[in-house]
Amino acid sequence: MSEPLLVAEHLQMTFASPDNPLEALADATFAVGVNEFVSIIGPSGCGKSTLLRILAGLATPTGGRVCLRGEPLTGPVRHIGFVFQHANLMPWRDALHNVMLPLELQGMPRQQAEERAREVLELVDLADFGHALPRDLSGGMRQRVALARALVYDPDLLLLDEPFGALDALTRERMNWELLRIWQARRKTVLMVTHNIQEAVFLSDRVLTMSPRPGRIDQEVVVDLPRPRQQEALYIPRFMELTRILRESLR
Ligand SMILES: Nc1ncnc2c1ncn2[C@@H]1O[C@H](COP(=O)(O)OP(=O)(O)O)[C@@H](O)[C@H]1O
Ligand SMILES: [Mg+2]
């Protein structure tokens with residue numbers, strides 16, 4: 001691993017409730033290096049989204065801490081971009097204005113914000129769709145707008161919470177390529193939660209697995225497949241072996 005960008009130390013989250021508190025996360029301890037692509041896989045309800053929200057500074061853990069470049073994280077910061085499972089776009093704003101929104105909120109002059117937004121729309125291959133409303137875009141296109149919105153700040157770290165989970169298999173495959181291309185072009189650090197073992201192996205440098213709730217980071221599998229990854233990677237024996245190892249560790 002390169003120099004760590006993000007370090008999670010014994011993160012723990014219990015949701016308070018008068019009669020039965022719910023322990024969502026028991027212990028998440030791991031690090032993500034600069035420019036690394038790391039995926040987390042775990043069963044439904046094991047605390048993956050809770051973990052990502054903590055890492056984004058959107059939720060405060062009941063135990064443990066997060067450090068970003070050695071500094072404790074205490075709230076949302078600009079260096080982190082977040083993409084949720086559903087695009088969460090503003091329905092009345094076109095693609096361009098959805099992507100511009102974070103910059104507007106930050107008070108960037110309009111023209112400069114528009115220029116930046118057009119750049120990232122081009123990066124996700126949507127240069128011609130700036131004026132389309134979310135309802136006129138396909139699911140894959142909406143997720144790319146959400147990705148563009150997360151990239152518009154040029155964050156160091158991208159947190160992706162099952163970003164392609166709601167898409168059909170072929171669109172999902174295209175989005176994986178798109179993400180690899182962007183990651184390679186922009187040298188981002190990515191931490192992605194996914195349900196899909198093949199997707200995790202294909203994209204990642206390392207895959208972390210989580211136990212059922214209350215979640216803990218269980219195992220780490222280093223993906224020693226060469227980069228840049230080609231479609232053929234899906235058919236080589238080592239790829240299949242890695243997916244088998246992960247499938248077994250999730251059992
Ligand atoms: N804000 C909350 N209040 C109470 N319980 C929550 C809250 N958020 C998540 N949970 C519970 O925590 C557990 C883990 O949820 P989540 O992190 O969404 O899991 P995953 O993303 O792995 O499916 C679930 O049982 C869920 O119902
Ligand atoms: Mg989730």
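How do the residues of the shell around ligand 1 divide into nonpolar, polar and charged? A few notes on that and on the helices; keep in mind that this is a predicted model.

1. On the opening question: the shell around ligand 1 has four nonpolar residues, six polar and two charged. The residues involved are Phe 15, Leu 22, Ala 24, Gly 42, Ser 44, Gly 45, Cys 46, Gly 47, Lys 48, Ser 49, Thr 50 and Arg 213. Strand E2 (22-33) and helix H1 (48-55) are the elements that give two or more residues each to this shell. H1 supplies the largest share, with three residues.

2. H1 deserves its own look. This helix is mostly covered, with six of its eight residues buried. Those are Lys 48, Thr 50, Leu 51, Leu 52, Ile 54 and Leu 55. Lys 48 and Thr 50 turn up in both places: they are around ligand 1 and also buried in H1. Just past the end of the helix, Gly 57 has a positive phi of about 80°.

3. Now for the helix pair. H2 (residues 95-105) packs with H3 (residues 110-123) at about 125°, and their axes are 9 Å apart. That angle is neither over 145 degrees nor within 65 to 115, so H2 and H3 count as oblique to each other. The crossing of H2 past H3 is right-handed.

4. As for who meets whom, H2 brings Ala 95, Leu 96, Val 99, Met 100, Leu 103 and Glu 104, while H3 answers with Ala 113, Glu 114, Arg 116, Ala 117, Arg 118, Val 120 and Leu 121. By class, this contact has nine nonpolar residues, four charged and no polar ones.

Terms used
Residues are numbered from 1 along each chain as its sequence is written. Chains are lettered from A and ligands numbered from 1 in the order in which they are written. This is a predicted model: local features need pLDDT of at least 70, side-chain atom pairs count only at pLDDT 80 or more; totals for chains, interfaces and linings use all residues. A residue is near a molecule or strand if its C-beta atom, placed from the backbone, lies within 6 Å of it. Helices (H or I, at least four residues) and strands (E, at least two) are DSSP runs, numbered from the N terminus. Ala, Val, Leu, Ile, Met, Phe, Trp, Tyr, Cys and Pro count as nonpolar, Asp, Glu, Lys and Arg as charged, and the others, Gly among them, as polar. Axes are lines fitted to C-alpha atoms, for helices over the stretch in contact, and angles run from 0 to 180 degrees between N-to-C directions. Angles under 35 degrees count as roughly parallel, over 145 as roughly antiparallel, 65 to 115 as roughly perpendicular and the rest as oblique. A crossing is left-handed if the near helix is turned anticlockwise from the far one by less than a right angle, and right-handed if clockwise. Two residues are in contact if their C-beta atoms, placed from the backbone, lie within 7 Å. A residue is buried if 20 or more other C-beta atoms lie within 10 Å of its own, exposed if 12 or fewer, and partly exposed in between; C-beta atoms are placed from the backbone.
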